[in-house]
Structure formats: structure tokens, C-alpha cells
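Reader: Please take me closely through one part of this model, the packing of its helices, beginning at the surface and working inward. I would like a connected account that I can follow with the structure open beside me.

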Amino acid sequence: MEKEDGRGGALRVGMVWGGIGGIAGFFASLLGSLAGLLVGLFIGYSCGRRAAGAEAERPGALSGLIGGAVAAPVYAVGASAGALVAAHGIGSPRIAATLSDVMGTTISPDEAWTLFLLSIVLAAVLQIAVFVGAATIAGALAKRQKA
């Protein structure tokens, strides 16, 4: 755990875990957005526990929330970049063909790419929510275990 040093502990932990999470999110999202979401859950939990341990003034859920709120945007950017790299490797014509088969209608590669970009935005919002929620819960649990 991070060492308690008073002010700014949760912010510092959030910045460190944001960098770690951005890299982990990138590689996990190469497999898909669901994998990125699951990795975000674990990284957020770890971030919240470390933030609660590093904050002397306000340990608990608030420090987990602060650490998670700092780290989550960096994580979401890394995860979104990984999903874009994976989709670029597949190619929009192949994505369009798959969507056309599933939906039973013809979808152009441009429409498929637009839908994919919208799905990345939705996945990023869900990843941020899961990340911050897990960090907050972990901070609260860390305070409870400490007491």
C-alpha cells in the first residue's frame, strides 16, 4: 500500500493508477470492450484501496472516489485506443459484413464505422462508471477493514 503522507495522497495514487490503467486498458481492449470493462473493474478496485490507504485526512469512500475520478479518464482513453487499434486491424468492410449478417440489412462500411465509434463512446462511459464505482467501494471497504 502507498504510504500515508497527509494531503494529496488520493490524487497521487489516482495519477499513478491512471497510467497503469491506461496501459492495461489498451491491451485488454485489444480483445474487446467487455475485456476492457472487466480489467477496469479490477484496476479501479486496486486504485481505490491504494487511495484509501494513502489519504490520512479523509480515508474511505471519498478517497477512493477521488483516486478513481482522477484515474478513470486516463483508463478510458487507453481502452478506447486499444479498441480502435483492434477495429482498424479488422477493417470496416469486415465489420460492415458482420453487422449486415446480424441485422439482416445492408450496412455500408462508413455506417459500420460510425456505429463502431458510437459503441466505443458508450463503452468508455460504462468503463468510467465501473472504474469509479469500484474505486469508491474499495475505498469504503479499506476503511472498514482498517477500523
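## From a surface patch to the helix packing

Author: I23, F27, L30 and V85 make a nonpolar patch of about 380 Å² on the surface, and this is a place to begin in what is a predicted model. One member of the patch, V85, is found in helix α3. V85 counts as partly exposed because its relative accessible area is 46%, a value that falls between the 20% limit for buried and the 50% limit for exposed. In soluble globular proteins, nonpolar side chains tend to be buried together. The patch formed by I23, F27, L30 and V85 is instead part of the surface.

The setting of this patch is a chain with five helices and zero strands, which read along the sequence as α-α-α-α-α. The C-alpha trace spans about 60 × 20 × 15 Å along its principal axes. Of the 147 residues, 38% count as buried, while the chain exposes about 7,900 Å², with 70% of that area supplied by carbon and sulfur atoms. Among contacts between residues at least 6 apart in sequence, 78% join residues at least 24 apart.

Inside, the largest nonpolar core has 14 residues, and those with the most contacts within it are V13, W17, C47 and F131. Helices α1, α2, α3 and α5 each supply at least two residues of this core, and α3 gives the most, with five. Apart from this core lies another, of five residues, among them A87, I95, I107 and A112.

C47 shows how the larger core is joined up. Not counting residues up to four places away in sequence, C47 touches V13, G14, W17, G67, G68, A71 and F131; of these, V13, W17 and F131 are named with C47 itself as having the most contacts inside the core. C47 is one of the buried residues of α2, a list that also holds G36, G40, I43, G44, G48, A51, A52, G53 and A54. What covers these buried residues includes α1, α3 and α5. The 22 residues of α2 should span 32 Å at 1.5 Å a residue, and the end C-alpha atoms are 31 Å apart, so the distance agrees with the expected span.

G67, one of the residues that C47 touches, is found in helix α3. G67 is buried because its relative accessible area is 0%, and, leaving aside neighbours within four places in sequence, G67 is in contact with A10, G14, C47 and A51. The C-alpha atoms of G67 and R50, 17 residues apart along the chain, are separated by 8.5 Å.

From G67 the contacts lead on to A10, which has its place in helix α1. A10 counts as buried because its relative accessibility is 1%, and, again without residues up to four places away, A10 touches A51, E55, S63, I66 and G67. A10 and R49 are 39 residues apart along the chain, and their C-alpha atoms are separated by 9.8 Å. The loop between α2 and α3 holds E57, which is exposed because its relative accessible area is 51%, over the 50% limit. E57 and G8 are 49 residues apart in sequence and 9.3 Å apart in space, C-alpha to C-alpha.

Helix α1 also holds S29, which is buried because its relative accessible area is 2%. Beyond its neighbours within four places in sequence, S29 is in contact with G36, A79, G82, A83, A86 and Q127. G36 is among the buried residues of α2, and Q127 is among those of α5.

That last contact brings in α5, residues 109-146. At 1.5 Å a residue, its 38 residues should span 56 Å, and because the end C-alpha atoms are 54 Å apart the helix agrees with that expectation. The buried residues of α5 are A112, I120, A123, A124, Q127, F131, V132, A134, A135, A138, G139 and A142, and they pack against α1 (9-29), α2 (33-54), α3 (61-90) and α4 (92-103). Two residues of this list return to the cores described above: F131 is among those with the most contacts in the core of 14 residues, whereas A112 belongs to the core of five.

Definitions and conventions
Residues numbered from 1 in each chain as written. Predicted model: local features only at pLDDT ≥ 70, side-chain atom pairs only at ≥ 80, totals over all residues. Heavy atoms only, no water. Helix = DSSP H or I, 4+ residues; strand = E, 2+ residues; numbered from the N terminus. Expected span 1.5 Å × (residues − 1). Buried < 20%, exposed > 50% of the residue type's maximum accessible area, 1.4 Å probe, protein only. Contact = heavy atoms within 4.5 Å. Patch = residues over 30% accessible without salt bridge, like charges linked within 9 Å, V, L, I, M, F, W, Y side chains within 5 Å. Areas by Shrake-Rupley, 256 points an atom, 1.4 Å probe, with all protein chains shown as cover. Salt bridge = Lys/Arg side-chain N within 4 Å of Asp/Glu carboxyl O. Core = buried A, V, L, I, M, F, W, Y, C linked by side-chain atoms within 4.5 Å.
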